[in-house]
Amino acid sequence: MSNFIYKAGALAILIGATSAHVSAQGYTSASLELLKGQKLWFHSSNAAGAALDNLQNYSLVNIGYGMTKGDFHRPQQGAEEKSLSVGCEGFLNLNSAYAWGEFNFEQRNINDASFNASITDPYRGMPYFMADTHLSNWRNQYYDMKFRVGTPFYWDRLAIGIEGVYKASLAAKQLDPRVDTRYFQLDINPGVVYKIDNHNSVGADFQFCTLKEDSRMTNVNVTVAQTYYILYGLGVASQQIGDGERLDYHGTKLGGGLQYNYRVQGFNLLASVDYSRRVENFDRNPTVPKKDASVNDHIWDAALTAHLTGRNWSNFLTLKGKFRDMDGIQYVSTYDNSDSFQGWVDIYRSIRSTYKTTRLSADYSLLRNRDTEYAWRVDAGIDYVKQDDKYILPASSMDSENLYMHLAARYNAKLGNQLRRRMLVSLNGGYNNNLSGQYVYGGANPEYPTVTDLTGMDEAYMTTDYYRLGASAEYSQQFSSTQNMNFFARAAFSYTKASGDIFNHRNNVLFSIGINF
């Protein structure tokens, strides 16, 4: 995997650096945003579709700093989070091949997070991990590298492509019981596109992912034994005392997707469906592994994106649906201490919990065209999310249903033709309306903090109405009249206000600078 890191990172940097020499023009922030939005196949899972997208070269390098603060957050998120990020991205048309690469690094400092003592991201779809009640700081690093390579159409009919993704993260909890956890993920997604005629194309891709997380708990103060809990979902937990354990998460995901594309002058439509199945095991003490639990996660995705453009106006419509059905499986094991074999043996397994999520969204954008960019745009959308989680025995349930509506407007002010100076300003707002939700715990330990302070407060967050307001401003210009390189600086702010008496607010600020060409 280390060789893959170097190769993927080198490819991303090479694409970004090389694009500078072959790009025919520079980009304002709005024109680059529009260019990337028009690449419908890029937003699918099939890398072979690059042959049907806009093939202009571009490169983007940016550095960002962000801060989030406030009490309106889920229990395992920090009361305050600060992040520093560096990223680069580029597309290169080599005529004989199309290549895209991206690299992102983020240092995230999370303060006053609770109920997590073993896993980098407690919301990634793994309900089994360790938790403690202490408010603790985390110091996390995230590495994300991606590439896509595709071919032109052979015989004016068939294009092939491949996408690779490598993600790695290191997370360290700063208070006993301390945690040092490392997460790795590798994705390989080959695909093909067949062009039926000049207007109709179909595609298919295969998706493979392998992942692993190695988590090690320790106590620096060995004279004080710490209380922690093994979580099994919906507040069900087993209380432990000591210096923790070493945990091993490992799994694979297999899936595939189908796409259909219809395009004529001024109109482009892409429909896609994807399915994947992830199986991930949760083992305790990897030196003598004991399989404690696993998940069997099924995800269906469907999307329809349409782009209608004319001389003066552009329209984008995106409809999406995501359906998740995950089973939580627990094991009963016995230790075999015979001469021929020493280790844990599984004697029984059963589905003890189920997790179902439905996400539906519709988004529409109207843009007023101006040369290769836009003068202004308006975006509106609606998102529906329904969650239905159950623990079978002891019978417990947790469900929520929310409808979020949002509206945004952006204006691309032309400050002058010299050096292509622009000021891109935006205002946005949204409102979340909770339709229903309830948490019912039927276990033997209703006084456990995993019930009252973790799952109970998580349900309170998921069933809270709130509104969100935001604004941003981005200045960009060419470095000089003889260069196609553009500099940009951006500042953004958002404020979220919760209703009710449990939560108050949360705000986020983001500053970034960079260049594109």
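Visitor: Is Lys195 buried or exposed?
Guide: The model is predicted: local features need pLDDT of at least 70, side-chain atom pairs count only at pLDDT 80 or more, and totals for chains, interfaces and linings use all residues. Residues are numbered from 1 along each chain as its sequence is written, and side-chain values use heavy atoms, without hydrogens and water. Buried means under 20% relative accessible area, exposed over 50%, and partly exposed in between (1.4 Å probe, protein chains only). Lys195 has 12% relative accessibility, so the residue counts as buried.

Visitor: Which residue meets the side chain of Lys195 in a salt bridge?
Guide: A salt bridge needs a side-chain nitrogen of Lys or Arg within 4 Å of a carboxyl oxygen of Asp or Glu. For Lys195 the N to O distance is 2.8 Å. Lys195 is in strand 7 (residues 178-195), and its partner is 39 residues away in the loop between strand 5 and strand 6; strands (E, at least two residues) are DSSP runs, numbered from the N terminus. The partner is Asp156.

Visitor: What is the relative accessible area of Asp156?
Guide: Asp156 falls between the buried and exposed limits, so the residue is partly exposed. Its value is 42%.

Visitor: Where is Thr151, and which residues is Thr151 in contact with?
Guide: Thr151 is in the loop between strand 5 (136-150) and strand 6 (158-173). Thr151 is buried, at 12% relative accessible area. Contact means heavy atoms within 4.5 Å. Leaving aside neighbours within four places in sequence, the contacts are Ala51, Tyr98, Ala159 and Ile160.

Visitor: How many bridges join strand 2 to strand 3?
Guide: Two strands pair if DSSP finds at least two bridges between them. Strand 2 (80-93) runs antiparallel to strand 3 (residues 98-113), and Leu92 has Ala99 as its bridge partner in strand 3. Their hairpin has four residues between the strands, and Asn95 there takes a positive phi near 70°. The bridges number 14.

Visitor: Which residue forms a salt bridge with Glu80?
Guide: Glu80 lies in strand 2 and its partner in strand 1, so the pair ties together parts that are 11 residues apart in sequence. Those two strands also pair in the antiparallel sense over 12 bridges. Glu80 is buried at 17% relative accessible area, whereas the partner is partly exposed at 45%. With closest N and O atoms 4.0 Å apart, the partner is Lys69.

Visitor: Which residues make the nonpolar surface patch of about 530 Å²?
Guide: A patch consists of residues with over 30% relative accessible area and no salt bridge; like charges are joined within 9 Å, nonpolar side chains (Val, Leu, Ile, Met, Phe, Trp, Tyr) within 5 Å. Areas come from the Shrake-Rupley method with a 1.4 Å probe, and for residues only the protein chains shown count as cover. Strand 1 (58-70), strand 2 and strand 21 (505-516) each supply at least two of its residues. The patch is made by Ile63, Tyr65, Leu84, Val86, Phe511 and Ile513.

Visitor: What is the order of the open sheet of three strands?
Guide: The pairing is antiparallel, and strand 4 (129-131) and strand 10 (236-242) are the edges, each pairing on one side only. Seven bridges join strand 9 (residues 226-233) to strand 10, with Leu231 opposite Ala237. The order is 4-9-10.

Visitor: Which residue meets Arg490 in a salt bridge?
Guide: Arg490 is in strand 20 (residues 486-498), and its partner is 16 residues away in strand 19 (residues 466-478). Arg490 is partly exposed at 29%, whereas the partner is buried at 12%. At 3.7 Å, N to O, the partner is Glu474.
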